[in-house]
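Got your viewer open? Here's a short tour, one selection at a time.

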Amino acid sequence: MSQKLALVPILGDQLTRTLASLRGRTKDDTVVLMMEVWDEATYVKHHKQKIALIFSAMRHFASELGEAGWQVDYVKLDDEENSGSFTGEVARAIERHSPAAVHVTEASEWRVQQQIEEWPDKFACEVDILPDGRFLCNHAEFQDWAKDRKQLTMELFYREMRKKTGLLMGDDGQGKMKPEGDKWNYDADNRESLDGDMFIPKRPKFAPDDITSEVITLVEDRFGDHFGSLDRFEWPVTSADAEKAADAFFAERIEQFGPYQDAMVYGSDDLYHSMLSTSINLGLLDPLKLCERAEQAYKDGKAPLNSVEGFIRQIIGWREYVRGFYWLFMPGLADANEMEATRPLPEFFWTGETDMRCLSDCIRSTHENAHAHHIQRLMVLGNFCLIAGIDPKQVQDWYLAVYADAYEWVELPNVAGMILYADGGKLATKPYAASGNYINKMSDYCKDCAYSPSKKSGEGACPFGPLYWDFMDRHRERLKSNHRIGRIYSTWDRMGDEKKRDYLDHADNFLDSLTPASKGWARETN
Ligand code: FAD
Ligand code: DLZ
Ligand code: SF4
């Protein structure tokens with residue numbers, strides 16, 4: 001029996017046929033609505049590749065649905081009547097199609113969900129807002145796990161997800177589950193640095209087809225003043241290509257994924273990372289299936305446990321955890337500033353023009369590819385923002401704008417919680433502050449840098465050292481009782497006054513020399 005006509009809006013990061021709002025619908029009683037809207041393309045000034053990726057993936061998905069017989073109403077950015085907003089476009093589509101109901105899957109971001117929650121009052125037809133089934137842990141389950149916990153330790157959450165999925169779980173012989181290899185976490189085995197000469201299989205790159213080329217022209221034309229280059233657009237924009245990218249990762253790179261997860265090499269942007277985050281976040285790949293493939297690679301003897309466990313932890317651990325964390329602490333998380341950081345973001349975050357070779361290489365990769373790998377985001381760019389005391393709002397806007405995989409639900413917990421400690425330690429047990437020694441150990445950046453990590457102060461000293469001590473000194477009252485950090489102050493106290501003064505003066509001079517970002521790079525209102 002045919003149901004009443006429903007309008008099904010599909011947002012830019014919901015590109016899967018298994019979406020909750022499509023479940024149970026038939027092609028005869030459904031109009032799918034997809035909308036390129038100005039508000040979403042400009043609420044921060046996204047990297048050009050990010051906009052091109054989302055528009056191209058949306059257009060490909062719409063055409064696949066159309067070819068499969070679905071009725072798709074696709075609003076392009078340049079359509080004359082385009083109102084510029086999701087709500088405006090749903091209103092116009094209701095006029096065009098007169099549906100009995102709107103079925104929409106909840107938005108991944110708080111900002112958009114607020115708009116959707118107004119629809120039942122705004123529209124005369126019924127509006128159903130359905131939970132997003134693409135995550136393992138729903139909002140209620142996460143709240144339940146978090147309640148009564150002082151510290152939301154990711155590792156404990158992750159163990160629950162391992163038990164829930166059965167991934168890398170065995171039997172202890174007495175009817176209970178136990179982690180494969182008897183250990184939950186193999187992170188300690190995953191800290192090798194990488195020799196620049198080591199062979200790294202190249203990941204597949206996807207040259208723009210006609211749809212992507214048209215979108216690239218549109219983006220150059222309409223968003224020409226946004227950050228980033230479109231010269232090398234190589235992202236998968238369909239689920240078929242994303243599967244090819246996943247095939248190559250499981251065939252060629254997962255074996256070394258674990259050991260070199262934290263390594264950094266000048267000029268090398270992907271190393272053994274999967275480069276699948278853009279596809280997972282868009283909906284082109286199913287995260288749980290990827291974890292099952294990783295587990296299979298282990299069972300088949302094609303990848304060691306430390307690599308496979310590391311990959312699975314990133315997805316059913318960190319990715320699920322940050323999503324739960326985001327919804328638990330929004331909207332306050334976006335305003336959190338526990339460390340009272342107020343310094344403006346330096347201009348070099350947009351130009352890459354700094355003598356600090358680690359930062360300039362991470363910003364180059366960000367500009368060229370709309371990507372930097374995890375440890376670059378965390379221990380180079382993030383560490384700098386933390387110890388230099390950069391205003392969290394400006395850091396959030398930067399990360400949200402520049403990465404092709406950035407949506408607020410995943411960006412914000414990583415920025416406010418993981419790198420800036422702006423949430424006061426709800427996510428991380430201590431600030432991830434480090435001197436240049438860490439970067440020197442894990443990368444080849446320092447050997448040709450204008451600065452030296454072994455020089456502690458004075459001309460040519462790596463700025464990370466003085467900035468680190470300046471940060472520790474500034475936040476002594478707040479951090480001294482943290483058991484993971486407190487002992488650092490004994491080292492600081494053992495230094496003579498002159499040495500301490502040298503560090504603090506050096507940090508002051510360095511910070512004074514920074515040029516603040518000129519207005520309008522990330523957000524018009526900054
Ligand atoms: P891999 O190293 O191959 O990891 C596999 C997968 O694990 C990733 O594809 C991703 O889905 C997941 N993952 C790994 N780490 C995290 C994490 N910390 N949080 C959530 N998922 C994770 N990831 C995003 O998808 N979007 C963001 O906006 C984003 N912002 C970040 C900001 C900061 C400050 C930091 C420190 C990390 C951020 N990450 C973000 C996490 C991580 O850096 C990227 O997921 C990763 O670099 C993507 O590359 P990859 O697919 O090769 O990842
Ligand atoms: C990031 C983005 C951009 C640039 N443009 C669109 C768009 O035009 N249409 C769309 O449906 N989604 C877009 N997105 C993603 C949204 O900003 C947002 O992240 C998702 O709707 C999830 O809340
Ligand atoms: Fe970065 Fe310092 Fe190393 Fe230069 S010396 S690359 S600034 S850590």
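Some housekeeping before you click: this is a predicted model, where local features need pLDDT of at least 70, side-chain atom pairs count only at pLDDT 80 or more, and totals for chains, interfaces and linings use all residues. Residues are numbered from 1 along each chain as its sequence is written, chains are lettered from A and ligands numbered from 1 in the order in which they are written, and side-chain values use heavy atoms, with hydrogens and water left out.

**Stop 1: a strand and its partners**

Select residues 6–9, strand β1. Strands here are DSSP runs of E with at least two residues, helices are runs of H or I with at least four, and both are numbered from the N terminus. Turn on side chains: Ala6 and Val8 point one way, Leu7 and Pro9 the other, and all are buried (under 20% relative accessible area; over 50% is exposed, in between is partly exposed, with a 1.4 Å probe and protein chains only).

Now add residues 30–35, strand β2, which runs parallel to β1 and is joined to it by four bridges. Pairing takes at least two DSSP bridges between two strands. Look across from Ala6 and you'll find Thr30 of β2. Then add β4 (residues 101–105), also parallel to β1, with two bridges; there, Ala6 has Ala101 as its bridge partner.

**Stop 2: two crossing helices**

Next, pick α2 (residues 48–67) and α8 (residues 210–222), whose axes come within 9 Å and cross at roughly 140 degrees. Axes are lines fitted to C-alpha atoms over the stretch in contact, and angles between N-to-C directions run from 0 to 180 degrees. The pair is therefore oblique (under 35 degrees is roughly parallel, over 145 roughly antiparallel, 65 to 115 roughly perpendicular, and the rest oblique).

Which residues of α2 meet α8? Among them are Ile51, Phe55 and Arg59, while the α8 side includes Ile211, Val215 and Leu218 (contact means heavy atoms within 4.5 Å).

**Stop 3: backbone oddities**

Most residues other than glycine have a negative phi, and most peptide bonds are trans. Zoom to Asp148, in the loop between α6 (139–146) and α7 (154–165): its phi is positive, about 70 degrees, and the residue is exposed at 79% relative accessible area.

Jump to Ala370, between α14 (357–369) and α15 (374–388). Its phi is also positive, near 55 degrees, but Ala370 is buried, at 1% relative accessibility.

Finish at Pro331, in the loop between α12 (305–329) and α13 (348–351). A cis peptide bond joins Met330 to Pro331, with omega about 5 degrees.
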